[in-house]
Amino acid sequence: MNIREIASRARVSHSTVSRVINNVATVDPRLVRRVQTVIDEVGYRPNFQARALALGRSHTVGLIVSELSGGNPFFSEIILYFERAAVEHGYEVLVSFADLEAHPEHVAQCAIRLKERQVEGIAVMTFGMEEYLQESSMDIPMVYAGADHDLPGVRNIRINYLTGMREAVKHLVDFGHQRIGYLSGQLSWSSMRIRYEALRKAAKGVGLSLNKDLVVECDHTLDGGALGIASLLNLPKPPTAIMCCNDVAAIGALKTLNSRGLAAGKDIALIGFDDLTMCRFTQPSLTTIHFSPSELAGLALHALLEEIQKTSEKTDYEYKTRFVLRESTCAPRS
């Protein structure tokens, strides 16, 4: 079934059918109802790819994410909320998964493939991989999130990790903690270095110096958190509080604490990062730093649309993290 057959059934011209499908406001409402009735009866669906070729617009945007496995729902939520926001603005989303742990440069290949599929712009939500994309010389609207420096011609949503880190460190120091441990992701990744530097600045701001012996690089996964906190607990003088690079590592740390007969919020203070939904359901509920996938996805989509639509006045986006107090922190045990 094509629009000429729809037109014949509705007894109108095929150009009228085309205007109805494209929601042209000047079409007579009676004709709109007549055409729409036929469309509903035959179950017609427009060929959006053909329309895109005719209009020179695909109304499709690309999204590059990483880490869809490993028990971390952060990027799954990014996809969900980014697509919801895109659909509200009349755009479809093509998602490309960058296998960064095996091949960091894979993000550039993802961008090239999305461009070949005629997307109008690309949001890169992999954090810290901008150097590889820079080399790909993409001539297409592009938005990064959390790049450690601004890049020519690319929108960067700045992420202020320091706001949430300051609140978290102040909370621990007010409780009386001086030995604060940190479970970090691989510091060779710029996104993890930025979080670690924000923690160091936050500690320095309250007159505290982080002990390098209390900083453990681990996979920012459930297993990584479980193993990382074990190495800290095995020290002759373990930390009394531990901050984690993300919530997933913190939840892995909870398992190790439980296996050793220890409880976060009673025997040791534990703080995550991201504020995933599951943090409200752990035992105890996890104190964390709020870094919302839904809010970040919304900012990325709006910034990308400004680039695609060549908006003259562009918003200067900055995402500020914040501290969320729950049950997993406490004063040091005497």
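# Working through a predicted model

Residues 24 or more positions apart make up 70% of the contacts in the chain with a separation of 6 or more. Keep in mind that this is a predicted model. Grab the structure and try these exercises.

## Exercise 1: The chain as a whole

Task: find how many helices and strands the chain has, and what share of its residues counts as buried.

Solution.
- Step 1. Count the elements: there are 12 helices and 12 strands.
- Step 2. Turn to burial. The chain has 334 residues, and 51% of them count as buried.
- Step 3. Add the surface. The accessible surface of the chain comes to about 16,600 Å², and carbon and sulfur atoms hold 49% of that.

## Exercise 2: H1 and its two partners

Task: work out how H1 is oriented to H2 and to H3.

Solution.
- Step 1. Start with H1 (residues 3-10) and H2 (residues 14-21). Their axes are 8 Å apart, at an angle of about 105 degrees.
- Step 2. Angles of 65 to 115 degrees count as roughly perpendicular, so H1 and H2 are roughly perpendicular to each other.
- Step 3. Look at who touches whom: on the H1 side you'll find Ile3, Arg4, Ile6 and Ala7, and they meet His14, Val17, Ser18 and Ile21 in H2. Sorted by class, this contact of H1 with H2 has five nonpolar, two polar and one charged residues.
- Step 4. Now take H3 (residues 29-42). The axes of H1 and H3 come within 9 Å and cross at roughly 120 degrees. That makes H1 oblique to H3.
- Step 5. Check the handedness: H1 passes H3 in a right-handed crossing. Ile6, Arg9 and Ala10 of H1 make the contact with Arg34, Val35, Val38, Ile39 and Val42 of H3. By class, that gives six nonpolar, no polar and two charged residues for H1 with H3.
- Step 6. Compare the lists. Ile6 turns up in the contact with H2 and also in the one with H3.

## Exercise 3: H10 against H11

Task: describe how H10 and H11 pack, and say which classes of residue make up their contact.

Solution.
- Step 1. Two packed helices are described by the angle between their axes and the distance between the axes.
- Step 2. Read off both values. H10 (residues 222-233) and H11 (residues 247-259) pack at about 55 degrees, and their axes are 6 Å apart.
- Step 3. Name the arrangement: H10 and H11 are therefore oblique to each other. The crossing of H10 past H11 is right-handed.
- Step 4. List the residues. H10 brings Leu222, Gly225, Ala226, Ile229, Ala230 and Leu233, while H11 brings Val248, Ala249, Ile251, Gly252, Ala253, Thr256 and Leu257. By class, the contact of H10 with H11 has 10 nonpolar, three polar and no charged residues.

## Exercise 4: Backbone oddities in loops

Task: for Arg11 and Asp274, say whether each is buried or exposed. Then find the cis peptide bond.

Solution.
- Step 1. Go to the loop between H1 and H2, where Arg11 is found. Its phi is near 60 degrees, a positive value in a residue other than glycine.
- Step 2. Arg11 has a relative accessible area of 65%, so Arg11 is exposed.
- Step 3. Move to the loop between S9 and S10, the place of Asp274. Asp274 isn't a glycine, yet it has a positive phi of about 135 degrees.
- Step 4. With a relative accessible area of 3%, Asp274 is buried.
- Step 5. Pro284 sits in the loop between S9 (269-271) and S10 (288-290). A cis peptide bond joins Gln283 and Pro284, with omega about -5 degrees.

## Exercise 5: Two buried residues

Task: find where Phe291 and Ala250 lie, and what each is in contact with beyond its neighbours within four places in sequence.

Solution.
- Step 1. Phe291 lies in the loop between S10 and H12 (293-308). At 0% relative accessible area, Phe291 is buried.
- Step 2. Beyond those neighbours, the contacts of Phe291 include Phe74, Phe127, Ile159, Tyr161, Arg195 and Asp274. Asp274 is the buried loop residue from Exercise 4.
- Step 3. Phe291 and Arg322 are 31 residues apart along the chain, and their C-alpha atoms are separated by 7.5 Å.
- Step 4. Ala250 lies in H11 and counts as buried, at 0% relative accessibility.
- Step 5. Past its sequence neighbours within four places, Ala250 is in contact with Cys244, Leu270, Gly272 and Leu286. The C-alpha atoms of Ala250 and Phe273 are separated by 8.1 Å, with their positions 23 residues apart along the chain.

Technical notes
Residues numbered from 1 in each chain as written. Predicted model: local features only at pLDDT ≥ 70, side-chain atom pairs only at ≥ 80, totals over all residues. Heavy atoms only, no water. Axes fitted to C-alpha atoms, helices over the stretch in contact; angles between N-to-C directions. Helix = DSSP H or I, 4+ residues; strand = E, 2+ residues; numbered from the N terminus. Parallel < 35°, antiparallel > 145°, perpendicular 65-115°, else oblique. Left-handed = near helix turned anticlockwise from the far one by under 90°. Contact = heavy atoms within 4.5 Å. Nonpolar A, V, L, I, M, F, W, Y, C, P; charged D, E, K, R; others polar. Buried < 20%, exposed > 50% of the residue type's maximum accessible area, 1.4 Å probe, protein only. Areas by Shrake-Rupley, 256 points an atom, 1.4 Å probe, with all protein chains shown as cover.
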